[in-house]
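Colleague: I've just opened this one and would like to talk it through. Mind if I fire some questions at you?

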Amino acid sequence: MPMCIYWGEDDFAMEKSVTTLRDRILDPLWISFNYTSLSPDQPDAVITALNQAMTPAFGAGGRLVWLVNTTLCQHCPENILAELTRTLSVIPENSWLLLTTRNKPDERLKSTKLLKKSASEWREFPLIPPWKTELLVKSVNQVAQTVGVKLTDQTAEILAAAVGNDTRLLYNEMEKLRLYTSESGKPLDVDTITKLVRNTTQNSLQLAAATRMGDTAKALTILADLINAAEPGLRIVATLIGQFRTWLLVKIAMESGERNSQTIAQIAEVGNPKRIYFLQEEVKLLSVQQLISCLPILLELEVSLKQGATEISTLQTKVIELCQLCQRQ
């Protein structure tokens, strides 16, 4: 059936796929006749979209109807569900219905089950967790290949550390590098990457490392740099929680006497077992109890930010608490 459902938090990657789909379906000369986008605040957006999708395309190319930020996979009234059931199976072959949403579809709903069964493409666009460095490096290499930039293993790691999971920033930096190397055809060296890529030397993983070492001054400096770079507070917290959780699982495995890197990687949900040695070194001076005690502080921080607490002061207070806790041997 000519229907696509895209969902996830990586807005930029989703936008690129929407653009690719639009270019594939629509004839440039007939876009104004055959392309419709509807936001959820428009009256009867779903009914209008279904009616539009049922209308044969004018001229050349196909028709595309886009329901932006739809809530059909989170909430669907019975009358809308009935209309979906009646309409989806008879949409013309050259008329496409596209649904996008940031929220994960609730697969318990009848509407979600119907849409998933009917869709020709059901695709998630997740943000890579900032602490999963191997996935970030893989993403950098994939984008480099797409854009046409040659990287070494070291420069790919530098780029991954610089841009994190910001796909938009990754593409922007990669386009800059492509323009710079358009005539050389050689892999970029570390010095060039360092000079050209936006200075993001301080990231949330470095904040986690400084906190783990109990270096309050350094942690607060890195936090200030992150805030000045407009890094969202909840994203910082998500990275800290993920990193401390990984450290805790690695430490528990070590304390239990486990020595096999593959097994520890499975326990700690680390994709690359080669990272286990470094993680073990990082938690060598910390106890299991210290790491356990850090998690409630991070949970309090997340809840406070979600409840509207002042971001800067709340982050600073909790980072200081974490540093003090990690100082105790």
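Colleague: Let's start in a loop: is Asn69 buried, partly exposed or exposed?

Modeller: Keep in mind that this is a predicted model. Asn69 is found in the loop between strand 3 (63-67) and helix 4 (78-87). Its relative accessible area is 43%, and the middle class runs from 20% to 50%, so Asn69 counts as partly exposed.

Colleague: And what is the phi of Asn69 near?

Modeller: Most residues other than glycine have a negative phi. Asn69 isn't a glycine, yet its phi is positive, near 50°.

Colleague: Which loop holds Glu269?

Modeller: Glu269 is another non-glycine with a positive phi, about 60°. As for the place, look between helix 13 (261-268) and helix 14 (276-282): the loop there contains Glu269.

Colleague: OK, zooming out. How many helices and strands does the protein chain have?

Modeller: The chain has 329 residues, and 43% of them count as buried. Its C-alpha trace spans about 70 × 55 × 40 Å along the principal axes. For the secondary structure, the tally is 16 helices and five strands.

Colleague: What is the strand order in the sheet?

Modeller: It's an open sheet of five strands with parallel pairing, in the order 2-3-4-1-5. The ends of that order are the edge strands, each pairing on one side only: strand 2 (35-38) and strand 5. From one strand to the next, the twist averages 15°.

Colleague: Which residue in strand 4 is the bridge partner of Tyr6?

Modeller: Strand 1 (residues 3-7) and strand 4 (residues 95-101) pair in the parallel sense over five bridges. Along that pairing, Met3 stands opposite Leu97 and Cys4 has Leu98 as its bridge partner. For Tyr6, the partner in strand 4 is Thr100.

Colleague: On strand 5, then, which residue does Tyr6 stand opposite?

Modeller: Strand 1 and strand 5 run parallel and are joined by four bridges. In strand 5, the residue opposite Tyr6 is Arg123.

Colleague: How many of the residues of strand 1 are buried?

Modeller: In a regular strand the side chains alternate between the two faces of the sheet. Here Met3, Ile5 and Trp7 point one way while Cys4 and Tyr6 point the other way, and all are buried. Strand 1 is therefore largely enclosed by the rest of the structure, the count being five of the five residues.

Colleague: Why is strand 4 described as largely enclosed?

Modeller: Both of its faces are covered, with Ser95, Leu97, Leu99 and Thr101 buried on one side and Trp96, Leu98 and Thr100 buried on the other. Strand 4 also pairs with strand 3 in the parallel sense over five bridges, where Leu67 stands opposite Leu99. It is called largely enclosed because the buried residues number seven of the seven.

Colleague: How far apart in space are Thr314 and Thr100?

Modeller: Thr314 is found in helix 16 (residues 311-327). It has a relative accessible area of 13%, which is under the 20% cut-off, so Thr314 is buried. In sequence Thr314 and Thr100 are 214 residues apart, and in space, C-alpha to C-alpha, the separation is 34 Å.

Colleague: How far apart are the end C-alpha atoms of helix 12?

Modeller: Helix 12 (residues 233-255) has 23 residues, and at 1.5 Å a residue it should span 33 Å. After the helix comes Gly257, whose phi is positive, near 95°. The end-to-end C-alpha separation agrees with the expected span, because it is 33 Å.

Colleague: Now the second largest pocket: which residues lie nearest its centre?

Modeller: That pocket has a volume of about 550 Å³. Helix 1 (11-25), strand 5 (121-124), helix 6 (133-147) and helix 8 (167-180) each supply at least two residues of its lining. The lining has 27 residues, and those nearest the centre are Asp10, Ala13, Arg123, Phe125 and Thr167.

Colleague: Last one: how many residues of that lining are charged?

Modeller: The lining of the second largest pocket is a mix of classes, with twelve nonpolar and seven polar residues. Arg123, one of the residues nearest the centre, also stands opposite Tyr6. The charged residues of the lining number eight.

Note on methods:
Residues numbered from 1 in each chain as written. Predicted model: local features only at pLDDT ≥ 70, side-chain atom pairs only at ≥ 80, totals over all residues. Heavy atoms only, no water. 1 Å grid on protein atoms, 1.4 Å probe; cavity = no way out; pocket = protein on both sides within 12 Å on 5 of 7 lines; lining within 4 Å. Points joined across faces, edges and corners; volume = space filled by probe spheres on them. Nonpolar A, V, L, I, M, F, W, Y, C, P; charged D, E, K, R; others polar. Expected span 1.5 Å × (residues − 1). Buried < 20%, exposed > 50% of the residue type's maximum accessible area, 1.4 Å probe, protein only. Pairing = 2+ DSSP bridges. Axes fitted to C-alpha atoms, helices over the stretch in contact; angles between N-to-C directions.
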